[in-house]
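I opened this notebook page to record what I looked up in a single model, going from the whole chain down to individual side chains. The entries are kept in the order in which I made them.

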Amino acid sequence: MMTERDKIHYEAVRRVGNGMKGACFELGAEWALGTVTRINDLAKQAHETAVKRGKTSEDASHLDTFFGILSELKEFREASEIDPSEHLPQYTASVEELADIAISALTELYARVDNVEEVIVAKIEYNKTRV
């Protein structure tokens, strides 16, 4: 269930993704900086947790990253679209595995760039030109 705060955040991200650069200010000043901070902070947390768990390392190679993400893709392939997740029963197993794929991507992006949110927005904007 999305809280009102989450709905505001979602709308701000959607509008910025659609090229409305001032949208965060329309929706509340805290989101003007909060969107970037939140995505980058999530990426940092994901990376730190993955390092602690031994899922990646500070010097992980390109191939290590590939196999880490491939492992998550395989888990998604085998996950149920109907049955609840064992770890997050409010979601299906497939949704949990998709979250793991996103977390793996954020983890590796954080290891490579200073501003994860910036590169994601840039790629979304580029993809819009490919329609």
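What follows are my entries on the chain as a whole, then on one helix pair, then on two residues.

**Entry 1: the chain.** I note at the outset that this is a predicted model, and I read every value below as computed from it. I counted the secondary structure and found 6 helices and 0 strands in the protein chain, which, read along the sequence, gives the pattern α-α-α-α-α-α. I then looked up burial, and buried residues make up 25% of the 131 residues in the chain. For the contacts with a separation of 6 or more, I found that 43% are accounted for by residues 24 or more positions apart.

**Entry 2: helix 5 against helix 6.** I turned to the pair formed by helix 5, residues 93–112, and helix 6, residues 116–128. Their axes come within 9 Å and cross at roughly 110 degrees, so I entered helix 5 as roughly perpendicular to helix 6. I recorded the crossing of these two helices as right-handed. On the helix 5 side the contact is made by L106, L109 and Y110, and on the helix 6 side by V116, V119 and I120. When I sorted this contact by class, I obtained 6 nonpolar residues, with no polar and no charged ones.

**Entry 3: T107.** Which residues does T107 touch, leaving aside its neighbours within four places in sequence? I had first placed T107 in helix 5, and I counted T107 as buried because its relative accessibility is 4%, where the cut-off for buried is under 20%. The residues in contact with T107, with those neighbours left aside, are A43, A46, H47, A50 and T56. I also checked the polar atoms of the T107 side chain: one lies 2.7 Å from the backbone oxygen of I103, and the backbone oxygen of A46 lies 3.5 Å from a polar atom of that side chain.

**Entry 4: E108.** Is E108 buried or exposed? I found this residue in helix 5 as well, and at 11% relative accessibility E108 counts as buried. With its neighbours within four places in sequence left aside, E108 is in contact with T56 and T65. For T56 I could be more specific, since the side chain of E108 makes a polar contact with the side chain of T56 at 3.1 Å.

**Entry 5: a cross-check.** Going back over the two contact lists, I noted that T56 appears in that of T107 and also in that of E108.

Notes. Residues numbered from 1 in each chain as written. Predicted model: local features only at pLDDT ≥ 70, side-chain atom pairs only at ≥ 80, totals over all residues. Heavy atoms only, no water. Helix = DSSP H or I, 4+ residues; strand = E, 2+ residues; numbered from the N terminus. Buried < 20%, exposed > 50% of the residue type's maximum accessible area, 1.4 Å probe, protein only. Polar contact = N/O pair within 3.5 Å; in protein donor to acceptor, adjacent residues only side chain to side chain. Contact = heavy atoms within 4.5 Å. Axes fitted to C-alpha atoms, helices over the stretch in contact; angles between N-to-C directions. Parallel < 35°, antiparallel > 145°, perpendicular 65-115°, else oblique. Left-handed = near helix turned anticlockwise from the far one by under 90°. Nonpolar A, V, L, I, M, F, W, Y, C, P; charged D, E, K, R; others polar.
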